[in-house]
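Visitor: Could you pick one part of this model and take me through it closely? I would also like to see how that part sits within the rest.

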Amino acid sequence: MLRIDMHTHIIPEKLPRFAEKFGYGDFIHLDHHRPGRANMMKGGQFFREICSNCWDPQERIEEYAQYHTQAQVVCTIPVMFSYWAKPQDCLELSRFLNDHIAQLAAEYPRHYIGLGTLPMQDTGLAIKELQRCREIGLVGIQIGSNINDRNLSEPEFFPIFEACQELGMALFVHPWEMMGFDSMRKYWLPWLVGMPAETSRAICSMIFGGVFERLPGLRTCFAHAGGAFLPTIGRIEHGYNCRPDLVAVDNAVNPRYYLGKFWVDCITHDARLLQYVLETAGEGRVCLGSDYPFPLGDLEIGAFIEAMGLPECTLERIYSANTLEWLGLEKESFM
Ligand SMILES: [Zn+2]
């Protein structure tokens, strides 16, 4: 059975020193301090250590083979988004990352599928780069759950979503720049508490802002099974019902109506929650994802799903059919 992991991150082995080049900012650079290891440095500060499976395409393919997974949808690491930078500089960085991923997808068409990144802080430049992403063979883009703390319902993002729909480019929304980061650094809380909240923030913003309502052909997938959104849909719907004056100001439609309209990955680390996600988001909207190669990911690539005893047809949907539909791709391209 074809298996595609639709949530994985990759970075070029060599990054230009963008901070030196542009003369400002905490652009990420890599310090290859020993073979197979690099420190991601944010400005002068250590951010995270990564291993060669973060950049080596062959090593990744071999590691995936152990988990019977043939293809990986690759996108950059959210800390690379750099929406805070000057738009033109973010565009240059985005182009560098997008060209790297496009080249990888062209070299290994059965193993890699590419998503791009955009300078979301500038609507015009973002749309231009979106068009270029399509031309170089990327099938969608990854964006953050907020853009410089602005929600995805803000009007400046709508033309970008509209262009995605028009060009048939898939959208992947990933949590980052977590709300409350500074007030809860201890215990890894930004990742454990902030990330699921960020993703719910993104979904609610797109629903209540009327993005899905106005763009029914926009194919959007949210990371980490939609974060806190699906488990709290009852509360969100109740809020819509009891305080429409606060909630339904831009879109009159019940939020529950949008269940089944967007995709989510399966990264729950919990079979019972995944069962609920399948029932809530719909069996046709849940995709195999891992967050490889990071430790908070499901690095056995869906082993917990195998143990659930799901019917073959459901597994086929999760492992490939739903992802192919989200990305607008055909199974035959991977056979
Ligand atoms: Zn991720």
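Guide: Gladly, and a definition comes first: helices (H or I, at least four residues) and strands (E, at least two) are DSSP runs, numbered from the N terminus. Residue numbers start from 1 along each chain, following the sequence as written. What you see is a predicted model, in which local features need pLDDT of at least 70 and side-chain atom pairs count only at pLDDT 80 or more, while totals for chains, interfaces and linings use all residues.

Let us start in the loop between β7 (140-144) and α5, the place of asparagine 148. Aspartate 149 is found in the loop between β7 and α5 as well. Asparagine 148 is not a glycine, yet its phi is positive, near 50 degrees. For aspartate 149, again not a glycine, phi is positive at about 70 degrees. As background, most residues other than glycine have a negative phi, and most peptide bonds are trans.

For exposure, the count is of other C-beta atoms, placed from the backbone, within 10 Å of a residue's own: 20 or more makes it buried, 12 or fewer exposed, and anything in between partly exposed. Asparagine 148 counts as exposed because it has 11 C-beta neighbours inside 10 Å. Aspartate 149 is exposed too, with 9 other C-beta atoms within 10 Å.

The loop leads to helix α5 (residues 158-167), whose axis comes within 9 Å of the axis of helix α4 (residues 123-135), the two crossing at roughly 20 degrees. That angle makes α4 roughly parallel to α5. Here axes are lines fitted to C-alpha atoms, for helices over the stretch in contact, and angles run from 0 to 180 degrees between N-to-C directions. Angles under 35 degrees count as roughly parallel, over 145 as roughly antiparallel, 65 to 115 as roughly perpendicular and the rest as oblique. The crossing of α4 over α5 is right-handed; that term applies if the near helix is turned clockwise from the far one by less than a right angle, and left-handed if anticlockwise. From α4, the residues Thr123, Ala126, Ile127, Leu130, Gln131 and Arg134 meet Pro159, Ile160, Ala163, Cys164 and Leu167 of α5. A contact here requires C-beta atoms, placed from the backbone, within 7 Å of each other.

On the other side of the loop, β7 belongs to an open sheet of 8 strands, ordered β1-β5-β6-β7-β8-β9-β10-β11, with parallel pairing. Its edge strands, each pairing on one side only, are β1 (4-9) and β11 (286-287). Two strands pair if DSSP finds at least two bridges between them.

Next to β7 in that order is strand β6 (residues 112-116), mostly covered, with 5 of its 5 residues buried. In a regular strand the side chains alternate between the two faces of the sheet. In β6, Tyr112, Gly114 and Gly116 point one way while Ile113 and Leu115 point the other, and all are buried. β6 runs parallel to β5 and is joined to it by 3 bridges, with glutamine 72 having tyrosine 112 of β6 as its bridge partner.

Strand β5 (residues 71-75) also pairs with β1, in the parallel sense over 4 bridges. Glutamine 72 in β5 stands opposite aspartate 5, and threonine 8 has valine 74 of β5 as its bridge partner. Although β1 is an edge strand, 6 of its 6 residues are buried, so it is largely enclosed by the rest of the structure.

Stepping back, the protein has 12 helices and 11 strands. Of its 335 residues, 44% count as buried. Residues 24 or more positions apart supply 71% of the contacts with a separation of 6 or more. The radius of gyration is 19 Å, which agrees with the value near 20 Å for a compact globule of 335 residues; it is taken over C-alpha atoms, and the globule rule is 2.2 Å times the number of residues to the power 0.38. The C-alpha trace spans about 55 × 45 × 45 Å along its principal axes.

How values were computed: Contact = placed C-beta atoms within 7 Å.
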